[in-house]
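Work through the following exercises with the model at hand. Each task is followed by its solution in steps.

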Amino acid sequence: MTQSTYNFDSCPDRSGYGSLKWDKYKSQEILPMWVADMDFEIAPEIRTALQARLDHGVYGYTVPFAEPVNAVLSYLLRQHNYSAEASWLNFLPGLVPAINLCCHAFTGPKDSVMTVTPVYPPFLSAPNYAGRELIKVPLCLSSKDLWTFDFEAMQAAIKPNTKVFLLCNPHNPIGRVFTRAELTKLSDFCERNDLIVISDEIHCDLLFDPKAQHVVTATLNTAMAKRTITLMAPSKTYNLPGLACAFSIIEDSSLRQQFNKTIRGIITEVNCFGYAGCAAAYNYGEPWRQALLNYLRSNYELVDSTLRSELPEVLFRPMQSTYLAWLDVSQLNIKNPTVFFEDNGVGLSDGTPFGGPQHVRLNFGCPRSRLEVALEKIIRAVKLR
Ligand SMILES: Cc1ncc(COP(=O)(O)O)c(C=O)c1O
């Protein structure tokens, strides 16, 4: 299958299928550009594998088996130079339940959990749902005007009861891929403060900047390998979130035991279609992924150039990954930016639950024509306000 075979310019109508993204708005007038779910049809290679699984006709309980396990292990080695072992893996129905369970597994009731903001909202809710204290430290701007860790503020905020650091890399919503140098400093910080790292790397195969390089946190050094719980999934990259198949990688056997004890009786088995989609994505999805990244790069450049030329008062910093643009709209002086844009026909994610009020997040994982309409609506709304 050649790259040109893949079509990202049009996609199926999702109404009537219970789509979280599309069913939010009753009005056809509001274009949904919010939740992290792309509008594209999946890779034909994955569809063929799912069809074959469907044709088998028996959909009983499924346990991890050779095909998905080997697909994940060879993908980790090939794509991320990570030589993992089958016994380190746990298949899970999602990263969000895993983040929540990690807060239970690796902290006690009197402990606290640290993360940096803005960040994907479940990072902020999970410690609270577990009854743990949450320590939030804002990211800061580097000398190159890029968001990065504020290690001084993190050290000042840490408490003796802080046990876990929740890391999002590549980072949602700012779209940065942290460099090896930044992660090495983070490793020093976690080592110094004896923190377990929950490393959500769900966006690690969505790097559209050819200069960016994803470093799996657990591969940084042996100390980090021992204290890291890596969470990944094919779901964001291959647009399979509804198939509910994710996995954790835990090298340290005592951390693995703690995690396994906590998830007992709570986590459901991944279903047979989740495994089929996961194995096919990693085994056969690479040409489609490369074509997707080219498409996303063009969409990103369109967002970037359009906002810079038409709306310089909307601040937008360079990003290297994801299909989620984080827009600072504070200079527009709009009381509720999300409602304002919805009233003007564009459904964006509200920055407030991410810890970023006066920000909105635009999902550009959609056909270019749809993105153009959304950008036109945004420009019109801002200029006419
Ligand atoms: C950083 C991050 N983690 C996790 C998720 C969701 O993971 P899951 O659907 O596996 O629960 C998302 C979805 O947008 C995300 O951006």
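**Exercise 1.** Locate proline 170 among the secondary structure elements, and determine the state of the peptide bond from asparagine 169 to proline 170.

Solution. Start with the place: in this predicted model, proline 170 belongs to the loop that runs between strand S7 (162-168) and helix H7 (180-192). Next, read omega for the bond from asparagine 169 to proline 170: it is near -5°, and the bond is cis. As background, most peptide bonds are trans.

**Exercise 2.** Do the same for threonine 117 and proline 118.

Solution. Omega is about 0° here, and the peptide bond joining threonine 117 and proline 118 is cis. Proline 118 sits in the loop between strand S3 (112-117) and helix H5 (122-129).

**Exercise 3.** Aspartate 145 has a positive phi, and so does threonine 322. For each residue, find its loop and decide: buried or exposed?

Solution. The background is that most residues other than glycine have a negative phi.

- Step 1: aspartate 145, not a glycine, has a phi of about 65°. Its place is the loop between strand S5 (140-141) and strand S6 (147-148).
- Step 2: within 10 Å of aspartate 145 there are 8 other C-beta atoms. A residue counts as exposed at 12 or fewer, so aspartate 145 is exposed.
- Step 3: threonine 322, also not a glycine, has a phi of about 75°. This residue lies in the loop between H11 and strand S11 (324-328).
- Step 4: threonine 322 has 28 other C-beta atoms within 10 Å. The cut-off for buried is 20 or more, so threonine 322 is buried.

**Exercise 4.** Describe the packing of helix H11 (residues 286-310) against helix H13 (residues 368-384).

Solution. Two packed helices are described by the angle and the distance between their axes.

- Step 1: the axes of H11 and H13 come within 11 Å and cross at roughly 20°. Angles under 35 degrees count as roughly parallel, so H11 is roughly parallel to H13.
- Step 2: the crossing of H11 and H13 is right-handed.
- Step 3: H11 contributes Asn299, Leu302, Val303, Thr306 and Glu310, which meet Arg368, Leu371, Leu375 and Ile379 of H13. By class, this contact has 5 nonpolar, 2 polar and 2 charged residues.

**Exercise 5.** Which residues come nearest to the ligand, and how is the shell around the ligand composed by class?

Solution. The ligand has 13 residues around it, of which Ala36, Gly94, Leu95, Val96 and Asn172 come nearest. Sorted by class, the shell has 9 nonpolar, 3 polar and 1 charged residues.

Note on methods. Residues numbered from 1 in each chain as written. Predicted model: local features only at pLDDT ≥ 70, side-chain atom pairs only at ≥ 80, totals over all residues. Near = placed C-beta within 6 Å. Nonpolar A, V, L, I, M, F, W, Y, C, P; charged D, E, K, R; others polar. Axes fitted to C-alpha atoms, helices over the stretch in contact; angles between N-to-C directions. Helix = DSSP H or I, 4+ residues; strand = E, 2+ residues; numbered from the N terminus. Parallel < 35°, antiparallel > 145°, perpendicular 65-115°, else oblique. Left-handed = near helix turned anticlockwise from the far one by under 90°. Contact = placed C-beta atoms within 7 Å.
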